[in-house]
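User: I am new to this structure and would like to learn how to read it feature by feature. Could you take me through it slowly?

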Amino acid sequence: MDKDKDYESSRIMELESRKLATEDNREFVIKTQKEVERDNDFLATKINDKLQSFNIKSFDVVGAIGAGKTELIVKLCQEFSKNKKVLVICGDITTRIDADRIEGPNIKSIQINTGRECALNAYHIERIIKNIEIQTYDYVFIENVGNLICPSEFMLGMDKRITVVSTTEGEWVIEKHPLLFKMSHIAVINKIDLAERLETDLDKLLTDAKKINPNIKVVLTSAKTGDGIKELMNALEIKTEEL
Ligand SMILES: Nc1nc2c(ncn2[C@@H]2O[C@H](COP(=O)(O)OP(=O)(O)OP(=O)(O)O)[C@@H](O)[C@H]2O)c(=O)[nH]1
Ligand SMILES: [Mg+2]
């Protein structure tokens, strides 16, 4: 009940700041928003059931603009795609730059252009998955639109969510975005090759992630040098002999 009240007052503030809710339509707007989130969760569960039924392992990668999501997926795909087929779904506002960077032998990449939407949702993923021969893939990755706020509430039906931040975003980036870290299984702190030069406090980032979500696994990486990629594979619970 209290949780519902908190939800409503934060939604009212958000919607009023965007001039979407007024006295007379407030209840309707909030009810609709709740229904959208509930339907999204329902679809996400359906997607996960389908992937599990084909024994497909799946991961969604979220993080700020430029944190290194694509570069990390490229590095992981180099490990995954030796003997296995990988599908990568990339969300981007307008271009297919990331999909082209990822595509390769045994790696199919599909681009979703979200236009004005700042995150992917389960509806986008459901539409793709039902129109391809998903059973031919061993692994599915999703790269969300670069954003640390909008993706939080929209789960996409993958087994694990990986949230990527980088040393260039400052040491408060995790503390400032608690919801996303609550909703994630793995936090990646990327660009550790630059940490010393930027004097980024890696310990603070690590401690903040654990404080927000004691169950989260934290991995330090450099997608540039390849440092930490093996540790990330361990966090994804992928054993090399499975590949
Ligand atoms: N030094 C360094 N550069 C990196 C690292 N990871 C990524 N980069 C660089 O950072 C830039 C952004 O990397 P991307 O992988 O495109 O980042 P992204 O999170 O996919 O960005 P968007 O999709 O635009 O949100 C590129 O120039 C990468 O080469 C890293 O670990 N160290
Ligand atoms: Mg990218």
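Analyst: What follows is a walk through a predicted model, beginning with the sheet and ending with the ligand.

User: In what order do the strands of the sheet lie, and how are they paired?

Analyst: Order in a sheet is read from one edge to the other, by following which strand pairs with which. Here seven strands form an open sheet in the order β3-β2-β4-β1-β5-β6-β7, and the pairing is parallel. Because β3 and β7 (217–220) stand at the edges with a single partner strand each, one side of each has no neighbour in the sheet. Between neighbouring strands the turn is 20 degrees on average, with direction ignored.

User: Which bridges hold the strands at the two edges to their partners?

Analyst: At one edge, strand β2 (residues 86–92) is joined to strand β3 (residues 107–113) by seven bridges, and Val86 has Ile107 as its bridge partner in β3. At the other edge, four bridges join strand β6 (residues 186–190) to β7, where Val218 is the bridge partner of Ala187. The helix α3 packs on this sheet, touching β1 (57–63), β2, β3, β4 (139–143), β5 (160–166) and β6, and its direction makes about 170 degrees with that of β4.

User: Which hand does the unit of β2, α4 and β3 have?

Analyst: The hand describes the path from one strand over the helix to the next. In this model β2, helix α4 (residues 97–102) and β3 make a right-handed β-α-β unit.

User: At what angle do α2 and α5 pack, and which residues meet there?

Analyst: A helix pair is read from its angle, its axis distance and its contacts. Helix α2 (residues 26–53) and helix α5 (residues 122–130) pack at about 35 degrees with their axes 9 Å apart, and their crossing is left-handed. Asn40, Leu43, Ala44, Ile47 and Lys50 of α2 meet Ala122, Tyr123, Ile125, Glu126 and Ile129 of α5, a contact made up of seven nonpolar, one polar and two charged residues.

User: Which residues come nearest to ligand 1, and what classes make up the shell?

Analyst: A ligand shell can be read by proximity, by class and by the elements that supply it. Of the 17 residues around ligand 1, those that come nearest are Gly68, Thr70, Glu71, Gly146 and Lys224, while the shell by class has four nonpolar, seven polar and six charged residues. Helix α3 (residues 69–80) gives the most to this shell, with three residues.

Terms used:
Residues numbered from 1 in each chain as written. Chains lettered and ligands numbered in written order. Predicted model: local features only at pLDDT ≥ 70, side-chain atom pairs only at ≥ 80, totals over all residues. Near = placed C-beta within 6 Å. Nonpolar A, V, L, I, M, F, W, Y, C, P; charged D, E, K, R; others polar. Pairing = 2+ DSSP bridges. Right-handed = clockwise from strand over helix to strand, strands pointing away. Axes fitted to C-alpha atoms, helices over the stretch in contact; angles between N-to-C directions. Left-handed = near helix turned anticlockwise from the far one by under 90°. Contact = placed C-beta atoms within 7 Å.
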